Amino acid sequence: MMLLWKLLVLQSFMGCLAVGSGLQSPVFTKQPGSIVFPVDSLEKSREVVFSCEAQGSPPPFYRWRLNGSIIDPTSGSHYTLSGGNLRISHLNKDQDAGTYQCLASNSFGTIISREASLTFAYLENFKTHRRSSVSVREGQGVVLLCGPPSHSGGLTFSWIFNKYPSVVKQDSRRFISQETGNLYIAKVEPSDVGNYTCVVTNTVTKTRVEGPPTPLVLRSDGVMGEYEPKIEVQFPELVPVAKGSTVKLECFALGNPVPSITWRRVDGVLFSRKVDMRKASGVLEIPYFQQEDAGIYECTAENAKGRNAVKGKLSFYAPPQLIELPQDVQKAIDESLVWECKATGKPKPSYRWMRNGENLESVEGRVQVVNGALTISRLTMADMGMYQCVAENKHGEVYSNAELKVVAVAPDFSQNLVKTHTMVREGGDVLIECRPKMSPRGLISWRKGTEALRATSRISILDSGSLRISNATKSDAGLYTCVASNQFGEASSAGSLLVKEPTVITTQPATLDVTVGESIVLPCQVTHDPSLEPRFTWFFNEQLINFGSHGGYFEKVGGHSSGDIMIRNIQLRHAGKYTCAVQTKVDSISIATDLIVRGPPGPPTSVHVEEISDSTASLSWRPGPDNHSPITAYTIQARTPFSLGWQAVTTVPELVGGRRLTATVTDLSPWVEYEYRVLASNAIGTGEPSKPSKQARTKETLPKVTPANVSGGGGSRSELVITWEPVPEELQNGEGFGYVVAFRPLNATGWMQAAVPLADASRYIFKNDSVQPFSPFQVKVGVYNNKGEGPFGPTVTVYSAEEEPVRTPNRVRAKSLSASDVEVTWRGLPWYTSKKPDQSKRILGYELRYWEKTEKEETASVLRTVGNQTSAIIQGLKGSTTYYVTVRAYNTAGSGPPSGISNVTTKKPPPSQPPLKVMWNTSNSKIILNWERVKALENESEVMGYKVLYKRNRHSRPSVMETNTTSVELSLPTDEEYIIQIKPFGEGGEGSSSRQITIPRISGSPAMGSASTVSTLSALSTIALSFTARTSL
């Protein structure tokens, strides 16, 4: 007995060693495949090799089975092992054909490969050498039998007609079945007479044999009449087809006339594109067969005499495919094992299990296989080994491998020591775990101190071995030892139990009330064991509060024993349940506070327009949430396409109370689309507005608003032009809006009227030869729409169009002022601003036209004066250029005739060179400037003098001093900063300016400067201010 336990311990040790030393159970990396061997090659190469290879440590050794029996590859045998490969020499088809399997074994167990078959392909010769002739009538159908010889392996068939290479070509009349090899001729014709030879080819060996010829002759007793189709080639009633394979169905009929062949699915499903109907529809081919291709197929043969049909069912099948595999597992003695193994397939697979290459038989009560699941209870060391699940149906089988290790060890706490320190609050429950590693499971007991611990109403030892203590007291503190033992030995592990004071929340649950915008502190005060550190966590409506986010509303303000938080600037969304959770190493408790937030009401809902007139609308709505403060009033707002946003409106009643849910809006504009919204108010404030109502248009009514700014005048001869500002759409009160224009000569009695049917019209022109120039008319403009006419506006006076001036100004003179300016003078015409009989036409001013001598008058520029002005200055001209000038009078009717042309030549341009070498110095409140004389170019006017412009800063107006020398003395305070420019001038105007010179504020000693050098400023030094550093353009 002692020897057996030592053996068990040794095996367990080896199993544990395998885990850490790289040892491995066998796993196939290459498995044998089926072989078809051509018999006719036996003399050339009379051997085959089945491959088999597995990984494992120690390396596996190999064995082979043939038809379930172990092969003995001893010397002198024609079987040879090379690694795991099986070589078979001197093949014998009677002895060596069968099913082969490879077994790979090492110290962990044995696995067996999938089955692989060895078959021999051959094709013998035809035994008969002569066949009787076949005699048929013309028009009759015939079948010529092939009768292939004995064979193994796939065959293909063809027929020779008379002599090779003349072969029978298949068409709608002739068909060769690749199932039987027979030749079918639907309707014999005289050209068919001759000898027919069946040719059979083995697809494996490529051997080809020819049968004896069959003579086909015509009978002399007449021609066969027409008859309905007779199907001679048809497929079975049930055809099982493997998933992913290609299936071919044959169908051919004899008949006169030659029948046509058609295919269909009985369930009406159309053929997919992959389906191929070849050989005049005699073969239906379905590649890559899938579940959806299964069904009943029908072949129909039809000719003029009738039709015939056959049906067959294609059933889908699939070999097994594993979807759940067993995995390697390690178990202790006496434990139970459950391995699941599941596979798909059609038909549904069956399952068997193998251990070390042998079928595993069920043992009642201990080993069971149910629906592929293997269960072994009360494991022993003898159960160790390699297991294989085999899922199989009639179309194939599939294997999976898994290793079972069974271990036996003495108790060991090295991986799972009892916790050194376990804490519990006084009055709480505690579990001290004891989880030693041992196999088989043994006995577990506990000690407190040195005394054995016995179970009481508070203390119990669980089945797992852990110790549970309920309602702990201070006396339960101490050292606890767990002792584990089995037949292999004993071990123990100890840890201390510490009993702590419970944590208590001293704050009472409460409901707090706060107003939007205020801040509030939510308290959470506790007492706790002084050796423990409490941790506070807050939840809002069961969601953790992440301090630092949430917009900065939440802030912790508690101390060491306080978890108080503050909510700042509280909002309506902060209303809800707040939970303070307090946790220590021994316990956790919580307290909830309900927070009510009062705020302005929520938006009302369901705003509807109930009734509407031309100026009123009756509204209804439903209240929104009052947010814990009763609604005291409602405010109604409206907007139109013409308003600037939402506007408050007048209502009846004027003040809409909080309990009222209807109101009438008044003072609306007729025929305008309005939207309405409602806002609720309470003691805290006014809330968000409701969603807008649907647009509603007020009813039409007579227009009431007349056009503004009625005036007119101008236009062409005999015209009265009347203008006004159109009435805005929102004041037109209805569709079909237009204007009624009434007018009459001043002091006349009757009114003339005209309708202008355009809402956006802004003028009306009355033209009549009887209208005198610049005659006064009384004018008023009214309005109308589809409801009728509205009022007229006030009467105003408008003058008819006047005539152009007829007289010309004279004594036109032009004088050049500079290179760019010319002064033009003329003698004015008598000045009239209103019409008087036998006087010249009214004049509003004069129009000057001027153009260069080299240009045409049509390109002239225009300058107009206003009023009785008899001179003007034309600016912006070119220097040294001759210009032509004319003057004419104008009024609202246009311009009068021009004066005679006057010419003038502008002066030479002013000097283009600016003053250079500008020097300055300061002394006794004076600024003295010197510069270099400017010389005019040949085409420029002579320099007559210089203008010195100076100002205190960049934003002040400059002062000007003129001089005809190249120096100037300015009496200016030197405690200010100055900006100075110098310009030459001549009769052509002002020339180019020097750059701006900035003279800084200087106090104390005299200073000097120039615009060409730079030096350091000191008490008695010279200041040089360069243009780049201290001047600007």
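**Exercise 1. Determine whether Cys-341 and Cys-389 are buried or exposed, and describe the link between them.**

Step 1. Cys-341 is buried, as is Cys-389; buried means under 20% relative accessible area, exposed over 50%, and partly exposed in between, with a 1.4 Å probe and protein chains only. The model is predicted: local features need pLDDT of at least 70, side-chain atom pairs count only at pLDDT 80 or more, and totals for chains, interfaces and linings use all residues. Residues are numbered from 1 along each chain as its sequence is written, and side-chain values use heavy atoms, with hydrogens and water left out.

Step 2. Cys-341 and Cys-389 are joined by a disulfide with an S to S distance of 2.0 Å; a disulfide is a pair of cysteine sulfur atoms within 2.5 Å.

Step 3. The link of Cys-341 and Cys-389 is left-handed, with -85° about the S-S bond.

Step 4. Cys-341 lies in the loop between strand E31 (337–339) and strand E32 (342–346), and Cys-389 in strand E37 (residues 385–393), so the pair ties together parts that are 48 residues apart in sequence. Helices (H or I, at least four residues) and strands (E, at least two) are DSSP runs, numbered from the N terminus.

**Exercise 2. State how many disulfides a search of the whole structure finds, and describe those of Cys-251 and Cys-524.**

Step 1. The search of the whole structure finds six disulfides. With the bonded cysteines of the protein numbered in sequence order, the pairing is 1-2, 3-4, 5-6, 7-8, 9-10, 11-12.

Step 2. Cys-251 forms a disulfide with Cys-299, the sulfur atoms being 1.8 Å apart. The torsion about this S-S bond is about -80°, so the disulfide of Cys-251 and Cys-299 is left-handed. Cys-251 sits in the loop between strand E23 (247–250) and strand E24 (252–256), and Cys-299 in strand E28 (residues 295–303), so the pair ties together parts that are 48 residues apart in sequence. Cys-251 counts as buried at 0% relative accessibility, and Cys-299 is buried with a relative accessible area of 0%.

Step 3. Cys-524 and Cys-580 form a disulfide whose sulfur atoms are 2.0 Å apart. Its S-S torsion is about -80°, so the link of Cys-524 and Cys-580 is left-handed. The pair links distant parts of the chain, 56 residues apart: Cys-524 is in the loop between strand E51 (520–522) and strand E52 (526–527), and Cys-580 is in strand E57 (residues 576–583). Both Cys-524 and Cys-580 are buried.

**Exercise 3. Give the strand order of the open sheet that contains E41, E46 and E45, and explain why one side of each edge strand lacks a neighbour.**

Step 1. The three strands follow the order E41-E46-E45, with antiparallel pairing; two strands pair if DSSP finds at least two bridges between them.

Step 2. Strand E41 (430–432) and strand E45 (459–461) stand at the edges with a single partner strand each, so one side of each is left without a neighbour in the sheet. From one strand to the next, the twist averages 20°.

Step 3. E45 is joined to strand E46 (residues 467–469) by three bridges, and the two run antiparallel. Ser-460 stands opposite Arg-468 in E46.

**Exercise 4. Characterise the surroundings of strand E70 (residues 738–745).**

Step 1. Seven of the eight residues of E70 are buried, and the strand is mostly covered.

Step 2. E70 pairs with strand E73 (residues 776–785) in the antiparallel sense over eight bridges. Tyr-739 has Val-783 in E73 as its bridge partner.

Step 3. E70 is also joined to strand E71 (residues 752–756), antiparallel, by five bridges, and Phe-743 stands opposite Met-752 in E71. E70 and E71 form a hairpin with six residues between them, and Asn-747 in the turn has a positive phi of about 75°.

**Exercise 5. Identify the residues with the most contacts inside the largest nonpolar core.**

Step 1. This core has 25 residues, and those with the most contacts inside it are Phe-50, Trp-64, Leu-86, Ile-88, Tyr-100 and Leu-118. A nonpolar core is a set of buried Ala, Val, Leu, Ile, Met, Phe, Trp, Tyr and Cys residues joined through side-chain atoms within 4.5 Å.

Step 2. Among the elements giving two or more residues to this core are strand E3 (47–50), strand E8 (85–89) and strand E11 (116–123). E11 gives the most, with four residues.

Terms used: Axes are lines fitted to C-alpha atoms, for helices over the stretch in contact, and angles run from 0 to 180 degrees between N-to-C directions.
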